[in-house]
Amino acid sequence: MAIDAVIPAAGIGRRMGSAVPKQYLQLAGKTVLQRTLEIFLNSPLISRVIVCLKEGDPYFDSLPVSRDPRLIRAPGGAERCDSVLAGLWCSEAEWVMVHDAARPCLTGGDLRLLAEEAISRDGGLLCAPVRDTMKRAGEDMLIQGTVDRNGLYHALTPQMFRRTELLQALEDAASRGLKVTDESSAMELAGCRPLAVAGRADNIKITSQGDLELAEFILEGHRRNGIV
Ligand code: CTP
Ligand code: MG
């Protein structure tokens, strides 16, 4: 079963506020994007890796991974979902795994777990159960109530679907003017019930400054404990 990876990496990292987009910041001796792409290029389950880059990206060609023959460049779009669509157009695989460039702490174990679970169903995504008590607040920041945390999950990536089904779902969402922030949302709008696959909570998305130090700590823990 052929699986391609699509890695949206065309964001500007507004919340990080660094001079260089966050996917090109250094993390334990390599750039974040180099690390993320290595996870997929090192997996025997993945055929090709499609990376979506902002037009005129001056950084990518200097990454060692840019010369890998299994890597394909796709143009990025205005929103994450536009970048993902451009990436999907470059694939011919039956299945695709979409994964944020900004999540370099994904383990090979979770990648494999998702592949095994999603393929036996109609697709799925890595999720982590919510741990804290959940509150809903109004714009005035006054608490309106407590939300039952039972059955609530953080949606992580990768998210894996049949390529043609995901392509159709994302195009339908776009034509309805809906900006979906993950692939599962598009599939849900199309009437599907993606499978939530419990993954590691340390598969964090690097968003703001402190996250880089946290990611370094997580990777060091993986290394020390032999987690791959
Ligand atoms: N992304 C993309 N194309 C866009 C916007 C985002 O390919 N037009 C990618 C980012 O590069 C990132 C992933 O989608 O790997 C998740 O997005 P996010 O974490 O929001 O990254 P940014 O949009 O770059 O950050 P910010 O929202 O703070 O600007
Ligand atoms: Mg963003």
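**Exercise 1. The second largest pocket**

Task: In this predicted model, determine which helices each supply at least two residues of the lining of the second largest pocket, and which element gives the most.

Solution. Step 1: Helix H1 (32–41) and H6 each contribute at least two lining residues to the second largest pocket. Step 2: H6 gives the most, with 5 residues. Step 3: The lining comprises 17 residues, and those nearest the centre of the pocket are Arg35, Leu106, Leu219, His222 and Ile227. Step 4: By character, the lining residues divide into 7 nonpolar, 5 polar and 5 charged. Step 5: The space in this pocket is about 430 Å³.

**Exercise 2. The largest pocket**

Task: State how much space lies in the largest pocket, and identify the element from which the largest share of its lining comes.

Solution. Step 1: The space in the largest pocket is about 920 Å³. Step 2: It is lined by 33 residues, of which Gly11, Arg15, Lys22, Arg80 and Lys205 are the closest to its centre. Step 3: Both H2 and strand S10 (153–162) supply at least two residues of this lining. Step 4: S10 accounts for the largest share, 5 residues. Step 5: The lining of the largest pocket divides into 11 nonpolar, 10 polar and 12 charged residues.

**Exercise 3. The cavity**

Task: Find how many cavities of 30 Å³ or more the model has, and describe the lining of the largest cavity.

Solution. Step 1: The count is 1 cavity of 30 Å³ or more. Step 2: The space within the largest cavity is about 30 Å³. Step 3: Its lining consists of Cys81, Asp82, Leu85, Leu170, Ala173, Ala174, Leu178 and Val180. Step 4: The elements that give two or more residues to this lining are helix H2 (80–89) and helix H4 (163–175). Step 5: The lining divides into 7 nonpolar residues, no polar residue and 1 charged residue.

**Exercise 4. An aromatic pair**

Task: Establish whether the pair formed by the rings of Tyr24 and Tyr59 is stacked, edge-to-face or tilted.

Solution. Step 1: The model has 1 aromatic pair. Step 2: The ring centres of Tyr24 and Tyr59 are 5.0 Å apart, and their planes stand at 35 degrees. Step 3: Planes under 30 degrees apart would count as stacked and those over 60 as edge-to-face; the pair is therefore tilted. Step 4: Tyr24 lies in the loop between strand S1 (3–8) and strand S2 (26–27), while Tyr59 lies in the loop between strand S4 (46–53) and strand S5 (71–75), so the pair links distant parts of the chain, 35 residues apart. Step 5: Tyr24 is buried, at 7% relative accessibility, whereas Tyr59 is partly exposed, at 30%.

**Exercise 5. Salt bridges**

Task: State how many salt bridges the structure holds, and explain why the pair of Arg73 and Asp61 ties together separate parts of the sequence.

Solution. Step 1: Side chains of opposite charge can pair when their charged atoms come close. Step 2: The structure holds 11 salt bridges. Step 3: In the bridge between Arg73 and Asp61, the closest N and O atoms are 2.6 Å apart. Because Arg73 lies in strand S5 and Asp61 in the loop between S4 and S5, this pair ties together parts that are 12 residues apart in sequence. Arg73 is partly exposed, at 41% relative accessibility, and Asp61 is exposed, at 52%. Step 4: Another salt bridge joins Glu220 and Arg223, with a distance of 3.0 Å from N to O. These residues are 3 apart in helix H6 (residues 210–224), which means that about one helical turn separates them. Glu220 is partly exposed, at 31% relative accessibility, and Arg223 is exposed, at 60%. Step 5: Arg80, Asp100, Arg103 and Glu183 are joined into one network by salt bridges that share partners.

**Exercise 6. Cysteines without a bond**

Task: Explain why the sulfur of Cys105 forms no bond with that of Cys127.

Solution. Step 1: The structure holds 0 disulfides. Step 2: A disulfide requires two cysteine sulfur atoms within 2.5 Å. Step 3: The cysteine sulfur closest to that of Cys105 belongs to Cys127 and is 18 Å away, so the distance is too far for a bond. Cys105 is buried, with a relative accessible area of 0%. Step 4: Cys192 is likewise in no disulfide, the nearest cysteine sulfur being that of Cys127, 15 Å away. Cys192 is partly exposed, with a relative accessible area of 27%.

Note on methods:
Residues are numbered from 1 along each chain as its sequence is written. Chains are lettered from A and ligands numbered from 1 in the order in which they are written. This is a predicted model: local features need pLDDT of at least 70, side-chain atom pairs count only at pLDDT 80 or more; totals for chains, interfaces and linings use all residues. Side-chain values use heavy atoms; hydrogens and water are left out. On a 1 Å grid over the protein atoms alone, a cavity is a set of points where a 1.4 Å probe fits but cannot get out, and a pocket is an open set with protein on both sides within 12 Å along at least five of seven lines; lining residues have an atom within 4 Å of a point. Grid points are joined across faces, edges and corners, and a volume is the space filled by probe spheres set on the points. Helices (H or I, at least four residues) and strands (E, at least two) are DSSP runs, numbered from the N terminus. Ala, Val, Leu, Ile, Met, Phe, Trp, Tyr, Cys and Pro count as nonpolar, Asp, Glu, Lys and Arg as charged, and the others, Gly among them, as polar. Rings of Phe, Tyr and Trp (its six-membered ring) pair if their centres lie within 6.5 Å; planes under 30 degrees apart count as stacked, over 60 as edge-to-face and the rest as tilted. Buried means under 20% relative accessible area, exposed over 50%, partly exposed in between (1.4 Å probe, protein chains only). A salt bridge is a side-chain nitrogen of Lys or Arg within 4 Å of a carboxyl oxygen of Asp or Glu.
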